[in-house]
Amino acid sequence: MTMTSTQRLACALTAGAALVAGLAGCVPLVIGGAAVAGAGMVATDRRTSGAQLDDQGIELRGAARVRDIANDDMNVTVISFNRQVLLVGTVGNEGDRRRVEESVSRVDNVRSVVNEITVGPGSTLPQRSNDAFITGKVKASLLDQKDIFANAFKVVTERGVVYLMGIATRREVDRATDITRGVPGVQKVVRVVEVVSDADLAATQARQGGTGAPPPPVQDGASSSSARVPLPPMAPLPSTGGTAAPAPAGSGVTTSPVR
């Protein structure tokens, strides 16, 4: 049965509400996506099954390492996608910010860390509720589009800043960015995406048994020269304004803020 736009939005927002409902009793450290996904999600994920398992392990081990150095002013979320870690949240001082990054970067299988942790007070319950609401709206908006593969992206929201993680073509990244920017409440979009060409994406999916439907062909002369390279480097996206914490030197990872 095909879901309508309203039903998709309702499902996404219900999931977000359930998440927020549990925040009041959670510990300050949050694991970004360690819950084991169902078989359907695994089958439509562009990561290999090995990478998905590694990401779950990275989030669990990263959470444990941060917990070892945590204090009352540390509220950190650890998210891993294709062995690349995004850190968001708040700490009390710059020293703690560096310690979190150093600790997580030593976890097995981590190929790079993008540190978006800020120094300052932790987010409030209304802020976390709003972030969950925005995440739900962005996911629903991506699902509504016929020219983009929504499961190519992992959506993370922190104080109105939406982070798009994933494996996608440049056309898909630009399209997802435009969609996300149009969602009410989004303050800025940061792309932390592994950019691949259409040809390399199709070849990778063929090796994986056809998972993750490829996007429509690139139109209007759009470039597809950014080829996927086996671990570690990721193709950078052009920055269009704003600021973001730089990735470690030599990692090949670039965060690309939009506004």
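# Exercises on a predicted model

In this predicted model, strand β3, helix α4 (residues 94-105) and strand β4 form a β-α-β unit that is right-handed.

**Exercise 1.** Find which strands pair with β3, and state the sense of each pairing.

Solution.
- Step 1: Take β2 (residues 75-81). It pairs with β3 in the antiparallel sense, over seven bridges. Val 76 has Gly 89 of β3 as its bridge partner.
- Step 2: Take β4 (residues 112-115). Its pairing with β3 is parallel and has four bridges. Here Leu 86 is matched with Val 114 of β4.
- Step 3: Take β5 (residues 118-119). This strand is also parallel to β3, over two bridges, and the bridge partner of Thr 90 is Thr 118.
- Step 4: Look at the link between β2 and β3. The hairpin has two residues between the strands, and Asn 82 takes a positive phi near 55°.

**Exercise 2.** Sort the residues of β3 by the way they point, and decide whether they are buried or exposed.

Solution.
- Step 1: Recall the general rule. Side chains in a regular strand alternate between the two faces of the sheet.
- Step 2: Apply the rule to β3. Gln 84, Leu 86, Val 88 and Thr 90 point one way, while Val 85, Leu 87, Gly 89 and Val 91 point the other way.
- Step 3: Check burial, for which the cut-off is under 20% relative accessible area. Eight of the eight residues in β3 (residues 84-91) are buried.

**Exercise 3.** Test whether the length of helix α3 (residues 49-69) agrees with 1.5 Å a residue.

Solution.
- Step 1: The helix has 21 residues, so its expected span is 30 Å.
- Step 2: The end C-alpha atoms of α3 lie 31 Å apart, which agrees with the expected span.
- Step 3: Note which residues of α3 are buried. Among them are Ala 51, Asp 55, Ile 58, Gly 62 and Val 66.

**Exercise 4.** Describe the largest nonpolar core, and then the pairing of β6 with β7.

Solution.
- Step 1: The core has 19 residues, and those touching the most other members are Val 138, Leu 142, Phe 153, Val 162, Leu 164 and Val 186.
- Step 2: Two or more core residues come from each of α5 (125-143), β6 (153-158), β7 (161-168), α6 (170-181) and β8 (188-195).
- Step 3: Follow Leu 142. Its contacts beyond four places in sequence include Ile 148, Phe 153, Val 155 and Ile 179.
- Step 4: Turn to β6, where five of the six residues are buried. β6 and β7 run antiparallel and are joined by six bridges, with Glu 158 opposite Val 161 in β7.
- Step 5: In the hairpin of β6 and β7, two residues lie between the strands, and Arg 159 has a positive phi near 55°.

Terms used
Residues numbered from 1 in each chain as written. Predicted model: local features only at pLDDT ≥ 70, side-chain atom pairs only at ≥ 80, totals over all residues. Heavy atoms only, no water. Core = buried A, V, L, I, M, F, W, Y, C linked by side-chain atoms within 4.5 Å. Buried < 20%, exposed > 50% of the residue type's maximum accessible area, 1.4 Å probe, protein only. Contact = heavy atoms within 4.5 Å. Pairing = 2+ DSSP bridges. Right-handed = clockwise from strand over helix to strand, strands pointing away. Expected span 1.5 Å × (residues − 1).
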